[in-house]
Amino acid sequence: MSKDMPIEPVLIGWGGYSTLSTVLALADCLLQQWPGPTQSDAYVTALMVCDAVLSGSEDDLPEDARAAFIEAANEAGSSLMEDDDGPDF
């Protein structure tokens, strides 16, 4: 597995849309581009889970980082688009 830990892509929008497809990209977004508050529980949890995954934790998986990031983005009011529920056109 590559060091940046691939995930199912997350399409997030603020200003424009960005596709995040690795845990490293999620962490970078949290640290460098986050549009919402950085003191919220969901934000801190997402940052901690991303860090744990990137540090090689056996308890946290890339999917956990993705889920925590989505929760933080929802809490911050960011627009997310996911392919999970919709038809493929």
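**A sheet of three strands with packed helices**

Of the 89 residues in the chain, 36% are buried. The model described here is a predicted one. The chain holds three helices and three strands, and from the N terminus onward these elements follow the order β-β-α-α-α-β. Among the contacts in the chain with a separation of 6 or more, 50% are between residues 24 or more positions apart.

The description may begin with the strands. Strand S1 covers residues 6-14 and strand S2 covers residues 16-22; the two pair in the antiparallel sense through six bridges. Together S1 and S2 make a hairpin with one residue between them. In the turn, Gly15 has a positive phi of about 80°. On either side of this glycine, Trp14 stands opposite Gly16 in S2. Further along the pair, Ile12 has Ser18 as its bridge partner in S2, and Pro6 stands opposite Thr22 in S2.

S1 also pairs with strand S3. Three bridges join S1 to S3, and these two strands run antiparallel. Ile12 takes part here as well, since its bridge partner in S3 is Leu80. Ile12 of S1 is thus placed between Ser18 in S2 and Leu80 in S3.

The result is an open sheet of three strands in the order S2-S1-S3, with antiparallel pairing. Its edge strands are S2 and S3 (79-81), each of which pairs on one side only. On average, neighbouring strands of this sheet are turned by 30° against each other, with direction ignored. In a regular strand, side chains alternate between the two faces of the sheet.

The helices can now be placed against this sheet. Helix H1 packs on the sheet, touching S1 and S2. The direction of H1 makes about 135° with that of S2. Helix H3 lies across S1, S2 and S3, and runs at about 10° to S1.

H1 and H3 also meet one another. The axes of H1 (residues 23-33) and H3 (residues 62-75) come within 10 Å and cross at roughly 30°. Because angles under 35 degrees count as roughly parallel, this crossing makes H1 roughly parallel to H3. The crossing in which H1 passes H3 is left-handed.

Which residues in H1 and H3 meet? From H1 come Val23, Leu26, Cys29 and Leu30, and from H3 come Pro62, Ala65, Arg66 and Phe69. By class, the contact of H1 with H3 has seven nonpolar residues, no polar residues and one charged residue.

In summary, S1 stands between S2 and S3 in the order of the sheet. H1 touches S1 and S2, whereas H3 lies across S1, S2 and S3.

How values were computed: Residues numbered from 1 in each chain as written. Predicted model: local features only at pLDDT ≥ 70, side-chain atom pairs only at ≥ 80, totals over all residues. Heavy atoms only, no water. Pairing = 2+ DSSP bridges. Helix = DSSP H or I, 4+ residues; strand = E, 2+ residues; numbered from the N terminus. Axes fitted to C-alpha atoms, helices over the stretch in contact; angles between N-to-C directions. Parallel < 35°, antiparallel > 145°, perpendicular 65-115°, else oblique. Left-handed = near helix turned anticlockwise from the far one by under 90°. Contact = heavy atoms within 4.5 Å. Nonpolar A, V, L, I, M, F, W, Y, C, P; charged D, E, K, R; others polar. Buried < 20%, exposed > 50% of the residue type's maximum accessible area, 1.4 Å probe, protein only.
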